[in-house]
Amino acid sequence: MHAIQQQYWSIRDYLSPVLRESKFKEHGRITPEEFVAAGDFLAYKFPVWTWEKGDVSKARDFLPTDKQYLITRGVPCLRRATSLAYTDADEDAERLLSFDDATDSGGDEWVETHAGRKSNMPSASNPGEIADIPDVDGGADELSTGVGGMSLKQEEIPALDDIPDMEEDDLEEGDEATAAPKTAVTSSNVIDPSQIEVATGNLLQVRTYDVMITYDKYYQTPRIWLIGYDENRIPLTPAQIFQDISAEHASKTVTIEPFPHQASLQAASVHPCKHASVMKKVIERMNNSVVAEQLAHQKASPKEKEKKKWFGKKSGNKDEKPSAPGDDDEVEGMRVDFYLVVFLKFIASIVPTIEVDSTTAF
Amino acid sequence: MTTPPPGTPTIVQFTPLPSQTHPSFWHKLTELKLDVLKLSDAEVEIGGRYGVGRVFRDREAAGEKWVGVGGSLGVDEGSFGGQTTTTTTTSVPVGTAVARGIVKNFNTIEEFKAADKSKIFNQVADKIWSSIHTTKSTTLLNTFLVITYADLKKYKYFYWFAFPAFVSKPAWYIDGALGWVGAAAAAAAATTTGGGGGGGPGYSHDQLKSILDQLHKSAHSGSKPLPYFLVRSSGTTTVDVVPVEEYDPSKDRYTDTLDSTGTGTGTGTAIGFIDPSAGEQNPGWPLRNLLAYIRALYPGDSTKRLKVVCWRDSYVPRGEDGWKSRVGVITLGDGDGTGVGDGKRPDAVGWEKNVQGKLSPRVADLAPMMDPTRLANQAV
């Protein structure tokens with residue numbers, strides 16, 4: 001069934017035209033050119049993001065060959081989303097982004113969980129209950145297979161039993177200059193991931209994620225992809241990845257799909273069907289404040305041309321691109337370059353513990 | 001590790017470089033096995049890369065808690081490019097080093113288990129050692145090795161990485177009280193405690209920025225990024241970053257009058273490397289072969305005391321996060337050190353331990369990500 005669906009998607013994707021006209025303020029959608037511009041800005045401002053060309057045979061012709069998708073590697077994920085203490089107080093903090101405009105069919109809402117959540121787990125001492133992830137092919141069994149990657153079912157590969165026998169202690173003599181794993185850090189406040197786990201008894205493991213942003217031609221929005229690794233750098237199973245996705249979205253909008261820019265890679269992806277409407281809402285809100293600020297700025301110094309501030313505090317130090325002719329005397333509002341930065345803030349609410357939003361760091 | 005009494009030299013302990021295999025690496029290996037290698041178990045050259053170790057502020061925890069995430073040697077489908085150093089990226093980000101490696105894929109689990117691992121390992125170590133003497137180049141210093149067995153039907157991959165590193169005998173020591181210090185903090189301390197003209201082991205913000213800029217330039221100017229480099233002082237705000245190959249013992253000798261509190265002056269060149277370790281007092285694995293390289297080519301007293309820059313920054317820090325790079329001044333124990341005089345290759349270590357900390361291979365089970373039937377179920 002899923003395979004048919006994927007076929008359908010790929011055909012639909014093939015047939016849908018490339019968006020040419022800028023629609024980002026009206027619909028929250030962007031053109032490939034705007035995606036590249038926003039990606040350039042993201043990579044410039046936050047060098048953890050880099051452009052990749054991916055598998056050349058999979059390249060999309062509406063994007064530059066060396067700018068097919070964005071990637072950041074090794075994004076830390078300190079906790080499981082399922083272990084975040086989620087109290088009634090948090091529920092009050094939930095922000096309902098509703099989209100009941102006339103244009104929308106109404107009732108389209110997006111729950112932004114964990115909005116403005118403060119640390120309510122001092123030193124992470126209350127071990128959050130790890131909810132069982134709904135898992136189709138035999139729940140616990142699946143999970144246990146993934147953990148550590150080593151506890152493999154015996155009946156599947158008898159030879160696996162022999163692997164521990166391969167331990168070859170005589171291969172190397174003890175080496176005094178090799179730092180023993182998990183020792184090292186003592187005096188300071190830098191903690192080894194393994195120490196958190198031991199210290200608190202909570203299931204704290206530092207997973208890392210490779211996060212990719214592609215351009216989805218059908219939905220005309222960016223699309224996020226996740227590949228996770230556990231603290232031993234072994235790829236996570238889908239069930240494990242779902243632990244890092246907020247419960248609101250885990251089994252609904254996040255699925256495992258073939259990654260479009262590599263031959264046969266499967267990655268978790270947030271389905272982009274609602275991205276445009278959410279982005280529109282967020283952009284509208286931000287745009288208003290940006291416009292207001294720009295107006296104020298203009299009033300304060302009417303002669304001054306320098307009105308292209310990003311969001312006030314983030315005054316752009318990027319080389320200004322020539323703006324579209326004719327808008328010299330108008331207030332420009334938010335620029336499309338900022339799209340992906342905003343997008344990441346939105347994604348951060350879906351994956352609250354994966355620190356995709358590096359922009360909050362400063 | 002207990003804190004040693006002040007002033008006691010401590011053996012420098014290096015954080016092993018962990019491996020990280022991207023799922024696409026196994027996809028590509030599968031293809032290669034089916035279409036090209038078939039039953040051959042010849043060695044195939046691959047490329048990989050590792051990034052700097054990073055520390056992150058734990059925003060959920062109370063107080064100042066940092067979590068270290070070490071860099072790892074990553075291999076993905078781009079590792080199998082025609083040229084060994086090709087990766088899928090258009091440019092290697094700053095703070096990333098490329099490494100060459102060899103993958104040897106066995107046909108059966110029995111062959112995999114019975115393989116003469118010491119022999120394969122020693123061949124790689126010999127190659128690194130001879131490259132030091134013959135080409136005087138650092139390009140092979142971080143060569144790695146991986147042996148694999150792919151169970152294609154079950155989507156299971158057995159593998160064992162090795163990162164050959166030469167053992168220094170006698171070992172390198174660092175002053176126990178001073179230890180490894182933050183690159184910027186050390187400079188501040190040196191100036192406040194009267195280091196005399198900004199001596200001390202550290203660097204100023206401008207100098208560190210200059211290092212970052214030059215590393216960036218070397219990675220993007222078409223020349224290769226520098227996994228190892230020299231940091232020559234050339235002023236109070238700038239430094240010169242040059243390849244290690246340009247080391248000149250007469251010009252680059254490091255001398256200092258540092259006491260155990262870090263007070264004093266130091267002049268001369270520092271050796272630097274892209275450091276995948278996140279441990280405060282442990283430099284990363286790649287430093288070992290750099291030290292072996294320096295000692296092998298420039299034996300004698302001039303290289304018995306070295307200033308080392310563990311480079312751990314990939315961008316100019318903003319806000320309260322400071323520079324993450326660390327510096328330390330290390331001293332070789334008594335004796336001439338490895339490989340000096342007779343030119344014989346020192347012992348090498350570096351097989352990666354498995355999750356349980358044992359010298360044993362690892363297994364990647366990609367069935368949940370690759371098996372079509374399981375994926376179909378997942379998507380219901």
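## A salt bridge in the open on chain B

In this predicted model, Lys169(B) and Asp347(B) bring their side chains together in a salt bridge, 3.7 Å from N to O. The two partners sit in distant parts of the chain, 178 residues apart. Lys169(B) belongs to the loop between strand E9 (156-166) and strand E10 (172-175), while Asp347(B) is in the loop between strand E18 (326-332) and strand E19 (348-351).

Both ends of this pair are out in the open: Lys169(B) is exposed at a relative accessible area of 53%, and Asp347(B) is exposed too, at 52%.

## Buried pairs and a network

Now for a pair that's tucked away. Arg232(B) and Asp252(B) meet through their side chains in a salt bridge of 2.8 Å, N to O. Arg232(B) is part of strand E12 (residues 228-233) and Asp252(B) is part of helix H6 (residues 249-252), so this pair ties together parts of chain B that are 20 residues apart in sequence. Arg232(B) is buried, with a relative accessible area of 14%, and Asp252(B) is buried as well, at 1%. Elsewhere, Glu52(A), Arg73(A), Arg49(B) and Asp76(B) are joined into one network by salt bridges that share partners.

Chain A has a buried pair of its own: Asp216(A) and Arg223(A) form a salt bridge whose closest N and O atoms are 3.5 Å apart, and both residues are buried. Searching the whole structure turns up 17 salt bridges over all chains.

## Asp244(A) and its neighbours

Over in chain A, Asp244(A) is found in the loop between helix H6 (238-242) and strand E8 (254-258). Its relative accessibility is 0%, so Asp244(A) counts as buried. The side chain of Asp244(A) makes polar contacts with two other side chains: that of Arg207(A) at 2.9 Å and that of Tyr209(A) at 2.5 Å.

Setting aside residues up to four places away in sequence, Asp244(A) touches a whole crowd, including Cys77(A), Arg79(A), Leu236(A), Ile350(A) and Val351(A). Val351(A) is 107 residues away along the chain, yet its C-alpha atom is separated from that of Asp244(A) by 6.1 Å.

## Helix H8 of chain A

Ile350(A), one of the residues that Asp244(A) touches, is also among the buried residues of H8(A). This helix covers residues 339-350, and its 12 residues should span 16 Å at 1.5 Å a residue; the end C-alpha atoms are 17 Å apart, which agrees.

How much of H8(A) is buried? The count is 11 of the 12 residues, so the helix is largely enclosed by the rest of the structure. Among the buried ones are Tyr339(A), Phe343(A), Phe346(A) and Ser349(A).

Methods
Residues numbered from 1 in each chain as written. Chains lettered and ligands numbered in written order. Predicted model: local features only at pLDDT ≥ 70, side-chain atom pairs only at ≥ 80, totals over all residues. Heavy atoms only, no water. Helix = DSSP H or I, 4+ residues; strand = E, 2+ residues; numbered from the N terminus. Buried < 20%, exposed > 50% of the residue type's maximum accessible area, 1.4 Å probe, protein only. Contact = heavy atoms within 4.5 Å. Polar contact = N/O pair within 3.5 Å; in protein donor to acceptor, adjacent residues only side chain to side chain. Expected span 1.5 Å × (residues − 1). Salt bridge = Lys/Arg side-chain N within 4 Å of Asp/Glu carboxyl O.
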